[in-house]
Amino acid sequence: MAENMRMRAQLKGDTTEVKVLMTHPMETGRRKSDSGDVIPANFIQLVSASLNGNQVLEAQWGTGISKNPYLTFHLRGAKVGDIVRVNWTDNQGKTGVGEIAVTLA
Amino acid sequence: MQRRKFIKALFAASALALVPIKAFAAMWNTPAFQATKLQEAMAALQISNVTLSNDIQIIAPDKAENGAVVQIEVMSRIPNTESITIFVENNPTALIANFLFGEGAEGFVVTRIKMAETSDVLAVIKSGNRYFSAKKRVEVLENGCG
């Protein structure tokens, strides 16, 4: 699973900056291939992030998020060694997951 | 239909069980994401009576070379920011993303979006039962939805 997500969680002062890069084509369903066939929609719809198992963020995405989605969010109260976990689910039912421990910046 | 209702109820129940404190939607709002007009998308999300706010900062380029990847940062200084919703008015579907923040998450997000043409990028913040917004014009030099 590690190959479809790259993550970093760095504690700066009392805020933890979490950066996530997901690997996903994010096809809108409006694009055509070279042969003229419509490329089916294939995009991440739901993203969920948790800190030590408690959900802290949920995102609902449409087709307007760029290919290989990038996301940064900020957490308050996280400590070094705490675990940030991110899950995604796309419109075809595929899922991805990534997990990282908080480090000092 | 019966089966669909049952599955929906099951999803709702499991979402509640997992998140006892903050109520996350855990559902993809199909009508909102399929709406082609900004007003329809906002209506589907039950956003109304939006107040312009200087406490929302949108950082985005004035000009985007390539509409396929436009980095957008939204920061809300509004107390108790529960969600940030991003719209691009002139895209084929206006709603880009809806971010919901739980306990411990700040009202802040950076992401990269697609822009079909020059448009306002609109961010709407929910706090309690009130909505606040800010917008930023981004000139797109090359279409990102092709």
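This report covers the chains, the shared sheet, the interface and the core of a predicted two-chain model.

Residues are numbered from 1 along each chain as its sequence is written, and chains are lettered from A, with ligands numbered from 1, in the order in which they are written. Because the model is predicted, local features need pLDDT of at least 70 and side-chain atom pairs count only at pLDDT 80 or more, while totals for chains, interfaces and linings use all residues.

**Confidence**

The model scores ipTM 0.95 and pTM 0.88. Chain B has a mean pLDDT of 88 (the predictor's confidence in each residue, from 0 to 100). In chain B, 79% of residues reach 70 or more. Residues 16-22 of chain B stay under 50. For that stretch the model has six contacts beyond four places in sequence. Two residues are in contact if their C-beta atoms, placed from the backbone, lie within 7 Å.

**The two chains**

Helices (H or I, at least four residues) and strands (E, at least two) are DSSP runs, numbered from the N terminus. Chain A runs β-β-β-β-β-β-β-β. Its C-alpha atoms fill a box of roughly 50 × 20 × 20 Å along the principal axes. Chain B runs α-α-α-β-β-β-β-β-β-β-β-β.

A residue is buried if 20 or more other C-beta atoms lie within 10 Å of its own, exposed if 12 or fewer, and partly exposed in between; C-beta atoms are placed from the backbone. The table gives the buried share for each chain.

| Chain | Residues | Helices | Strands | Buried |
|---|---|---|---|---|
| Chain A | 105 residues | zero helices | eight strands | 39% buried |
| Chain B | 146 residues | three helices | nine strands | 36% buried |

Take contacts with a separation of 6 or more in chain A: residues 24 or more positions apart account for 56% of them. In chain B, 66% of the contacts between residues at least 6 apart join residues at least 24 apart.

**A sheet across both chains**

Strands of a sheet pair through backbone hydrogen bonds, either parallel or antiparallel. Here two strands count as paired if DSSP finds at least two bridges between them. Seven strands form an open, mixed sheet in the order E8(A)-E1(A)-E2(A)-E5(A)-E7(B)-E4(B)-E2(B). Its edge strands are E8 (103-104) of chain A and E2 (56-59) of chain B, each pairing on one side only.

Strand E5 (residues 70-76) of chain A and E7(B) run antiparallel, joined by two bridges. A:Leu71 has B:Thr111 of E7(B) as its bridge partner. Within chain B, four bridges join E2(B) to strand E4 (residues 70-76), again antiparallel. There B:Ile58 stands opposite B:Val74 of E4(B).

**Interface**

At the interface, 34 residues of chain B are in contact with 27 residues of chain A. On the chain B side, E6 and strand E7 (108-113) are the elements that give two or more residues. E6(B) gives the most, with seven. By class, this side has 23 nonpolar, seven polar and four charged residues. Ala, Val, Leu, Ile, Met, Phe, Trp, Tyr, Cys and Pro count as nonpolar, Asp, Glu, Lys and Arg as charged, and the others, Gly among them, as polar.

**Core**

A nonpolar core is a set of buried Ala, Val, Leu, Ile, Met, Phe, Trp, Tyr and Cys residues joined through C-beta atoms within 7 Å. The largest one has 60 residues. A:Leu57 and B:Ile86 have the most contacts inside it. Strand E6 (residues 95-101) of chain B supplies the largest share of this core, six residues.

A:Leu57 reaches across the chains. Leaving aside neighbours within four places in sequence, A:Leu57 is in contact with A:Ala49 and A:Phe73, and with B:Phe99, B:Leu100, B:Phe101, B:Gly102 and B:Ala105.
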